[in-house]
Amino acid sequence: MYARSTTIQAHPSFIDAGIKHMSDVVMPALADYEGCAGLSLLVDRDTGRCIATSSWMDEDALRASEGPVRELRDRATEMFHGTATVERWDIAALHRDHRSGRGSCVRVTWLKIEPGRMSRAVDVFKLTALPGMEELAGFCSASMMVDHAAGRAVVSVTFDSREAMDRDMEKADAMRAAGTREMGATVLDSCVFDLAIAHLHVPEMV
């Protein structure tokens with residue numbers, strides 16, 4: 001499966017209007033596109049950084065949607081009063097313990113990985129990192145998406161709440177450091193977001 005992520009640097013005052021537009025306009029529109037498997041929206045109200053991710057059943061569906069989705073993206077960016085950048089990913093792994101609910105948050109980590117080591121990095125995530133994550137307080141789900149050509153990956157871990165995430169933060173930090181070393185990866189960035197929309201219908205992939 002594949003994903004397209006749009007990072008919008010929004011004006012903080014317009015985040016709520018942007019969320020409503022994504023829910024009321026963008027999500028129903030995407031549902032009409034063949035091969036679309038849903039949408040998620042992450043929001044950092046402090047910085048205005050918002051990430052909308054649509055999932056697609058195959059690469060043909062992703063490519064076929066490029067033109068129509070561009071119009072949706074441009075209008076959504078206007079509603080957020082922001083600017084947008086786009087990235088495309090292969091969904092390498094996803095595991096869901098249970099569905100997220102109101103108040104859930106997502107810790108996102110971007111990694112740089114040498115292209116020749118990407119397969120090993122995915123194996124480390126599936127076989128080593130995921131079992132450890134399942135032991136963290138409030139763990140809901142985790143995914144890893146990769147860009148083979150760019151040698152980049154992004155790992156997202158969803159928790160029931162920020163309070164639950166914070167309870168095991170020290171343990172989670174140690175696990176992330178160990179996993180990053182084993183992958184041979186470099187952390188490019190990490191951020192915690194509120195999960196504003198959670199309608200990605202990606203099946204279990206481990």
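Start by selecting arginine 88: in this predicted model, its relative accessibility of 36% makes it partly exposed. Now add glutamate 66 to the selection and look at the two side chains, which meet in a salt bridge with an N to O distance of 2.7 Å. This pair ties together distant parts of the chain, since glutamate 66 sits in helix H3 (residues 66-80), arginine 88 sits in strand S4 (residues 83-96), and 22 residues separate them. Buried or exposed, what is glutamate 66? At 15% relative accessibility, glutamate 66 counts as buried, because the cut-off for that label is under 20%. So the bridge has a buried acid and a partly exposed base.

Keep both on screen and add Arg4. Together, Arg4, Glu66 and Arg88 form a network of salt bridges. If you want to hunt for others, the count for the model comes to 11 salt bridges.

Next stop, helix H2. Select glutamate 59 and arginine 63, whose side chains form a salt bridge at 2.8 Å, N to O. Why is the separation about one helical turn? Because the two are four residues apart in helix H2 (residues 59-64). Color by accessibility and you'll find glutamate 59 partly exposed at 33%, while arginine 63 is exposed at 56%.

Now jump along the chain to arginine 162 and aspartate 194. Their closest N and O atoms are 3.2 Å apart, and the two form a salt bridge. Here again distant parts of the chain are linked: arginine 162 belongs to helix H5 (residues 162-167), aspartate 194 belongs to strand S8, and they are 32 residues apart. Both ends are partly exposed, with arginine 162 at 32% relative accessibility and aspartate 194 at 28%.

While you have strand S8 (185-200) in view, move on to the segment after it and pick glutamate 204. How exposed is glutamate 204? Partly: its relative accessible area is 41%. Then switch on the surface and add Asp97, Glu134, Glu135 and Asp160, which gather with Glu204 in a patch of negative charge. Patch members must have over 30% relative accessible area and no salt bridge, so glutamate 204, at 41%, clears the area cut-off.

Time to go inside. Select threonine 7 in strand S1 (residues 2-9). At 17% relative accessibility, this threonine counts as buried. Which residues does threonine 7 touch, leaving aside neighbours within four places in sequence? Show Arg49, Cys50 and Ile51, then Thr83, Ala84, Thr85 and Glu87, and you have its contacts.

The last stop is serine 143, in strand S6 (residues 139-147). Serine 143 is buried too, with a relative accessibility of 14%. Display Ala93, Leu94, Phe125, Val154, Val155 and Ser156 around it: these are what serine 143 touches, not counting residues up to four places away in sequence. To finish, draw a distance from the C-alpha of serine 143 to that of glycine 184. The two are 41 residues apart in sequence, and the line should read 18 Å.

How values were computed
Residues are numbered from 1 along each chain as its sequence is written. This is a predicted model: local features need pLDDT of at least 70, side-chain atom pairs count only at pLDDT 80 or more; totals for chains, interfaces and linings use all residues. Side-chain values use heavy atoms; hydrogens and water are left out. Patches are made of residues with over 30% relative accessible area and no salt bridge: like charges are joined within 9 Å, nonpolar side chains (Val, Leu, Ile, Met, Phe, Trp, Tyr) within 5 Å. Accessible areas come from the Shrake-Rupley method with a 1.4 Å probe; for residues, only the protein chains shown count as cover. A salt bridge is a side-chain nitrogen of Lys or Arg within 4 Å of a carboxyl oxygen of Asp or Glu. Lys and Arg count as positive and Asp and Glu as negative; His and the chain ends are not counted. The place of a charge is taken as NZ of Lys, CZ of Arg, CG of Asp or CD of Glu. Buried means under 20% relative accessible area, exposed over 50%, partly exposed in between (1.4 Å probe, protein chains only). Contact means heavy atoms within 4.5 Å.
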